[in-house]
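Please look over the chain shown here and follow how its strands and helices are put together. The account is meant to be read with the structure open alongside.

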Amino acid sequence: MKIVSLFSGAGGLDLGMIQAGHIIIWANDIDKDAVSTYRANIGNHIVHNDIRNIDIRTIPSCDMVIGGFPCQGFSLANLKRNISDERNSLYHFFCNVVNDKKPLFFIAENVKGILSLGGGIIIKEITKDFSEIGYHVEVHSVNMADYGVPQMRQRVVIIGERRDIHEKFHFSFPQPTHDKNGKIRPWVTIKDAIDCYPDPYTENSIPNHVCSEYKVIYRDFTAHRKTDPNKPSPTILARGNGKGGVCAIPHYTGNRRLSVRESAAIQTFPDDFVFEGSKTSCYRQIGNAVPPLFSRKLGEELTKIEKKLTL
């Protein structure tokens with residue numbers, strides 16, 4: 001399928017779709033470093049601009065629109081979150097593109113906090129908006145660890161099928177491949193994911209294998225708790241507004257923070273995917289990304305429908 005990608009970031013969602021056999025024909029992001037990373041690893045089809053400055057008519061027609069619209073206004077980590085946060089309105093731009101291009105499908109990813117914002121009003125309004133422009137909408141709450149990602153990452157995935165397609169072929173959300181008790185397969189642990197990397201202070205020839213100097217002091221607070229090597233990693237974090245440092249997750253040895261490369265591996269980026277920009281910027285790009293492994297699973301389910309459409 002030909003895909004338009006909005007709020008693309010470094011390209012985690014896009015990479016997974018490409019791995020599943022789809023084609024990204026146009027992408028956009030406002031972050032300069034993320035765009036540099038995208039161009040270096042995925043392609044030159046990404047436009048560096050605030051999407052609000054882009055004429056929707058210049059965006060090509062497509063089979064699918066994907067994107068993780070900015071989530072900081074929705075995040076449970078943002079204690080000042082509220083319905084009127086201007087960042088929450090950016091999903092309207094996503095909706096407007098879908099309305100104009102009328103793709104077969106759209107996929108929007110966001111943080112779990114979107115479900116509870118305004119007592120559930122926001123997610124109902126989002127669902128209503130897409131329904132009114134002709135889409136069957138499903139909202140899925142997922143833990144990425146259930147899909148082989150070595151990380152406890154709770155996210156919401158909004159799937160839209162154009163109503164005429166939904167009446168013929170229903171998209172089946174991918175089934176979990178792993179679980180806590182190992183009845184399917186055991187969760188992939190952080191040790192499984194990064195034990196192959198040497199200490200960045202003794203071996204730093206690996207791309208992006210540099211780590212934050214922020215001292216490890218354990219406190220009962222996000223990114224300051226002990227990391228259990230026998231469990232998936234805590235959520236890889238980002239500072240969404242580009243200000244201040246990123247609080248990288250402590251390594252399970254307790255001696256240091258995770259390196260940029262280790263954080264990327266936990267987000268299931270391949271080792272040859274190199275991030276551009278400062279160390280802080282690289283951490284932020286990775287924390288904002290959708291794990292490509294999970295995106296690929298979504299893309300593979302869409303491929304099944306694509307084959308039926310061509311019969």
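What follows describes the sheet, the helices that lie across it, one helix pair and two individual residues, all in a predicted model.

**The sheet**

Seven strands make up an open sheet of mixed pairing, and their order across it is β3-β2-β1-β4-β5-β7-β6. The edges are taken by β3, residues 46-48, and β6, residues 135-143, and because each of these has a single partner strand, one side of each is left without a neighbour in the sheet. From one strand to the next, the twist averages 15°.

Strands of a sheet pair through backbone hydrogen bonds, and the pairing may be parallel or antiparallel. Three of the pairings in this sheet are set out below.

| Strand pair | Sense | Bridges | A facing pair of residues |
|---|---|---|---|
| β2 and β3 | parallel | three bridges | Ala27 opposite Ile46 in β3 |
| β4 and β5 | parallel | four bridges | Ile66 with Ile107 in β5 |
| β5 and β7 | antiparallel | seven bridges | Phe106 opposite Gly160 in β7 |

Strand β5 thus appears in two of these rows, since it pairs with β4 in the parallel sense and is joined to β7, residues 154-162, in the antiparallel sense. Is this strand, β5, buried or exposed? Seven of the seven residues of β5 are buried, so the strand is largely enclosed by the rest of the structure.

**Helices across the sheet**

Helix α1, which spans residues 12-19, lies across β1 (2-6), β2, β4 (64-67) and β5 (105-111), and its direction makes an angle of about 140° with that of β4. Helix α2, made of residues 32-41, lies across β2 and the edge strand β3, and runs at about 160° to β3. Strand β2, residues 23-29, therefore has both helices lying across it, as α1 is in contact with β2 and α2 is as well.

**The pair of α1 and α9**

Besides lying across the sheet, α1 also meets helix α9, residues 292-309, and the axes of the two come within 7 Å and cross at roughly 45°. An angle counts as roughly parallel under 35 degrees and as roughly perpendicular from 65 to 115, and α1 and α9 are therefore oblique to each other. Their crossing is right-handed. On the α1 side the contact is made by Gly12, Leu13, Leu15, Gly16, Met17 and Gln19, while α9 contributes Pro292, Ser295, Arg296, Leu298, Gly299 and Leu302. Sorted by class, this contact has six nonpolar, five polar and one charged residues.

**Two buried residues**

Ile126 is found in helix α4, residues 121-132, and is buried, with a relative accessible area of 0%. Leaving aside residues up to four places away in sequence, Ile126 touches Phe69, Tyr91, Ile114 and Ile158. Ile126 and Ile190 are 64 residues apart in sequence, and their C-alpha atoms are 34 Å apart in space.

Asn208 lies in a loop, the one between α6 (190-194) and α7 (260-266). Why does Asn208 count as buried? The relative accessibility of Asn208 is 16%, and because buried means under 20%, this residue falls within that class. With residues up to four places away in sequence not counted, Asn208 touches Ser259, Val260, Arg261, Phe273, Val274, Phe275 and Cys282.

How values were computed
Residues are numbered from 1 along each chain as its sequence is written. This is a predicted model: local features need pLDDT of at least 70, side-chain atom pairs count only at pLDDT 80 or more; totals for chains, interfaces and linings use all residues. Side-chain values use heavy atoms; hydrogens and water are left out. Two strands pair if DSSP finds at least two bridges between them. Axes are lines fitted to C-alpha atoms, for helices over the stretch in contact, and angles run from 0 to 180 degrees between N-to-C directions. Contact means heavy atoms within 4.5 Å. Buried means under 20% relative accessible area, exposed over 50%, partly exposed in between (1.4 Å probe, protein chains only). Angles under 35 degrees count as roughly parallel, over 145 as roughly antiparallel, 65 to 115 as roughly perpendicular and the rest as oblique. A crossing is left-handed if the near helix is turned anticlockwise from the far one by less than a right angle, and right-handed if clockwise. Ala, Val, Leu, Ile, Met, Phe, Trp, Tyr, Cys and Pro count as nonpolar, Asp, Glu, Lys and Arg as charged, and the others, Gly among them, as polar.
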